[in-house]
Structures are given as structure tokens and as C-alpha cells.
Amino acid sequence: MNLKPSDYNFIYDDLGKDRIVFYNAFTGALAVVKSTRYQQFKDCFEDGKEFKDKDFFHQLMACGYILSSDIDEKFLIKTRMMQGRYDTRTLALTIAPTMACNFRCVYCFEQGHYGNELMNEATQKSLMAFIERKAADVKAVSVTWFGGEPLMGFSVIESLSEKIIKLCEEKEITYSASIVTNGYLLTKDIAEKLKDLKVSSVQITLDGPQEIHDSRRPMANGKRTYETIIKNLQEVQGTIPIALRINVDYNNVSAADEVMQTLKGLKLDKDIHPYLGLVLPENKRYQKEQCFSDEYYSKINLEFLLRHNIPLNSIYPVPRKVCCGADSYNSWVIDDKGYLYKCWDDIGIHSCAVGNINYEISGIRSTKLLSGYTAFDPLQKSECSECKLLPVCLGGCPHKRLHGLCSCEQWKFSMQDYLLACTKTLLTQKENS
């Protein structure tokens, strides 16, 4: 059999102590090998020598580091991508029970698109009809409650959750749910009710200590929000898993460490999982100069994770079938008026809707934007087609791409640093186990 090395191998010898790091972006395999074995790998392709160590050879084959010369990896990437993109076994819904919001965050991409109403009974009925039609072919339904501020529409969340859960139980469909909230209304009572409604995770945002957070994420009436959020975090501790997003830019990045100190001081650091979010200049009031480049963000994000001993599983470059819900055909964003979108960054902008569940049986009214999200082929774009991270990135963020922004994932800018950090962490865990 004629062999060739994978086009998606990353090999680094920076660990020292006779340890060479092998990573393959198509399979996601990560290995540490000795220099003698690495030499066998090089000799195979540089001098045509056969592998002396047959076990090592079979491991390289199984992990995708070497393969038959007849295999076209780009064809395999496209096949996997298309299978994932048009997989109908899972229905993923992001639902905004209201577009009303009690905050006026300075960088919010929804500015100018807030509402003041709850999803009415007619739209709820249309949504259930939409889900019932889709449920005929699915094995799993996942719901993310979004907004606006979704907890301002908690009565709608309760009503729809009960109906969707009942439908899934009747059809033996797996159901899961999460919620993205600013945390101001997340009391202990509400958290327990969310848990009863099978909401298994909550995302809340905290942008720094009190003065910084309150200047960036005030109430709509200008009042402070920090103290209430901290109080709620303490009250709901242990009730439901919480991911704490710290949105960073040049104005507050130095304060991210203070958030970590606060969590530790309140003994919340074991129940709350913090991570950095990248602020984008998506409204006219927030200037681009205040925001990080993707390259700089990739650097500070890794430094933050390492500095605070946060598990690195979130940054490990896993090969994907789809980039996100936006390029997955069976993933939909639905606002309180029944408008359908592909990306939640578009929610509330009716010109970016692909349809409305109240007017058409399928919900789809226009395919132009829909195709822009779901028909994009990164293999037709030279910079993506030739990129070694293609199996992981798949062209990157669809929303950024459609708006002419850099859509590359953060790995592109710090791949070596990210992989070596992950490898060192895994080696340490193995040594301590």
C-alpha cells in the first residue's frame, strides 16, 4: 500500500525531554512520541523506509497521521460536513419568549431591536405546530431560551417547555434545554423552576467588579445591576450549572482577574465556570477600536485559562461537522413574533429573517440568506481549502463571513501555544493519576 502523511498533521518538538507532539485536525488525535519513533515517521516519507515498529505504524494509521495515498481528505471533510449540515435527527431551537430587555448593555448587538411584548398565544401555537412537523423525523430536541431577556418572559418559557417536553415524551424524543440570561431575575425560586423544566445549564455575564460591570451592563433605567447578580449567584449556587461569560475588550480586560478573585472570595469558583467572551463592534455606539482583534483575543484567552487553572477542554481543537447552528439546516432561531433566523446575532432584525412560522407551513419565506448560511462551501474558498485547520474550522463563523469580517477561529492565531498547553495539561493529569 502506498502511503502519505495527512495534510492535517501538526507536529511540534517544543516539549523537550524526547517528546514530540503529534496532532491531526481531521481525526482530533493527539499523541506524544519519542524522537526515535518520529524518525521512523520521517524516514517512511523522506527515504521510503518501512516502519520497524509495526505497532507504532498501526497506531499512526488508526489516528489518521498516515493514510493510503488514494484517499482524498478534502472529499472526506466535505462528506462529513454535508452529513452534519443536513442531519435531521436533532432539532435545535433558540427561542426568544420576548425581545424585551431590562438591561441596556453598551455593546449589545440588539440595540434598536428591543420589544416590549411576550410571545402571544397564536405564535406559541404556530411554534408548537412547527415543532410537531419537525418532530416526525428527529431523535432529539434541544432548546436555548434567549432574548431580549428571556426571564422577562418566564410565563412563556413555562408554557412552551411543558408542551415541548410532553410532545417529546409522547414521541420518545430526547429533550434538553439551556438559557442565556443576564442573571438579574435569576432568583433561587426561578432557578428551581428552570431545573424542573429540564433546563440543565445557564449562561450569565459579569464584566468585572462593580464599577466596571455597572458601567457596561446597566438597567434600562440606568440603575446598577452588579449587586443583584452577585446575590443571585450566591442563592442559586448548586441548583443549576452556570457558565459565567466575561465579555472583554480593551476597556475591561484587566478586570477579568478581579472577577475570578470575587468568585473565589465568595466560594463560588467550584460551581461557576467562567470564560472570556469577545466583544464585537456590532452596534454603531461601540467603536471598533475598543475591541480586540481575533489574533490578540486568542492570546489573552489562553493566558487567562492557564493563569486560573481553568480546564482547557473548551479550547481543544475538535474536528466538526458544522461550525455552529447557523450553518446547520435543522437549527433555527425564533423571536417573539415568530420570525425565523439562522443566527441569533440576527434576531430582531426582520430583514435578516428567512421566514415566519405564522405565515408559511414550513416557516420559510426566503432562501437567499438561508443559502448564504447553509450552502457555503469552504473548499471553494482558497484560503480555507488550503488551511490545515479546515476540519476544525470549516470556514469559521458564518455570521462574520457574511458580514465581510475575519471568520477564522482563534486556533489559527495560536495553534502551537494552544496544542502545547493542552498536551502539558494532559501529561500532568496522567502523571498525577
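The following dialogue works through a predicted model of a protein, asking how its descriptions are justified.

Student: What makes the radius of gyration of the protein agree with that of a compact globule?

Tutor: A compact globule of 433 residues would have a radius of gyration near 22 Å, and the protein has 24 Å, which agrees. Along its principal axes the C-alpha trace spans about 70 × 50 × 40 Å, and the secondary structure comes to 15 helices and 14 strands.

Student: How much of the protein counts as buried, and what supplies the area that it exposes?

Tutor: Of the 433 residues, 52% count as buried, a word reserved for residues under 20% relative accessible area. The protein exposes about 20,700 Å², and carbon and sulfur atoms supply 50% of that area. As for charge, the mean positions of the 53 positive and 55 negative charges are 1 Å apart.

Student: What share of the contacts joins residues at least 24 apart in sequence?

Tutor: Among contacts between residues at least 6 apart in sequence, the share that joins residues at least 24 apart is 69%.

Student: Why are β11 and β14 called the edge strands?

Tutor: The open sheet has 9 strands, in the order β11-β10-β9-β8-β7-β6-β12-β13-β14, with mixed pairing. Within that order β11, residues 272-278, and β14, residues 355-356, each pair on one side only, and this is what the term edge strand expresses.

Student: How do you know that β13 and β14 pair?

Tutor: Pairing requires at least two bridges between the strands, and 2 bridges join β13, residues 339-341, to β14, so the requirement is met, with the strands running antiparallel. As an example of a bridge, Y339 has N356 in β14 as its partner.

Student: In what sense do β10 and β11 pair, and over how many bridges?

Tutor: β10, residues 242-248, pairs with β11 in the parallel sense over 7 bridges, and the bridge partner of L244 in β11 is P274. Strands of a sheet pair through backbone hydrogen bonds, either parallel or antiparallel.

Student: Why is β11 described as largely enclosed by the rest of the structure?

Tutor: The description rests on burial, because 5 of the 7 residues of β11 are buried, so the strand is largely enclosed by the rest of the structure.

Student: What makes T144 buried?

Tutor: T144, which is found in strand β7, has a relative accessible area of 18%; since buried means under 20%, the residue qualifies. Leaving aside its neighbours within four places in sequence, T144 is in contact with L93, T94, I95, S178, V180 and W344.

Student: Is C101, in the loop between β6 and α4, buried or exposed?

Tutor: C101 is found in the loop between β6, residues 90-95, and α4, residues 121-135, and at 17% relative accessibility it falls under the 20% cut-off, so it counts as buried. Leaving aside its neighbours within four places in sequence, C101 is in contact with Y114, G148, E149, M152, N182 and A220. C101 and G115 are 14 residues apart in sequence and 7.7 Å apart in space, taken from C-alpha to C-alpha.

Student: G148 is among those contacts, so what is its peptide bond from G147 like?

Tutor: The peptide bond from G147 to G148 is cis, with omega near 15°, and G148 lies in the loop between β7, residues 140-145, and α5, residues 154-170.

Student: Why is K54 called partly exposed?

Tutor: K54, whose place is in helix α2, residues 54-63, has a relative accessible area of 45%; because that value lies between the 20% and 50% cut-offs, partly exposed is the fitting term. K54 and T90 are 36 residues apart in sequence and 41 Å apart in space, C-alpha to C-alpha.

Student: What is said of phi at D18 and at K267, and how does each residue count for exposure?

Tutor: D18 has a positive phi of about 60° although it is not a glycine, and K267 likewise has a positive phi of about 60° without being a glycine. D18 is found in the loop between β2, residues 9-12, and β3, residues 20-24, and its 39% relative accessibility lies between 20% and 50%, so it counts as partly exposed. K267, in the loop between α9, residues 256-265, and β11, has 66% relative accessibility, which is over 50%, and therefore counts as exposed.

Terms used. Residues numbered from 1 in each chain as written. Predicted model: local features only at pLDDT ≥ 70, side-chain atom pairs only at ≥ 80, totals over all residues. Heavy atoms only, no water. Helix = DSSP H or I, 4+ residues; strand = E, 2+ residues; numbered from the N terminus. Rg over C-alpha atoms; globule rule 2.2 N^0.38 Å. Buried < 20%, exposed > 50% of the residue type's maximum accessible area, 1.4 Å probe, protein only. Contact = heavy atoms within 4.5 Å. Areas by Shrake-Rupley, 256 points an atom, 1.4 Å probe, with all protein chains shown as cover. Lys, Arg positive; Asp, Glu negative; His and termini not counted. Charge placed at Lys NZ, Arg CZ, Asp CG, Glu CD.
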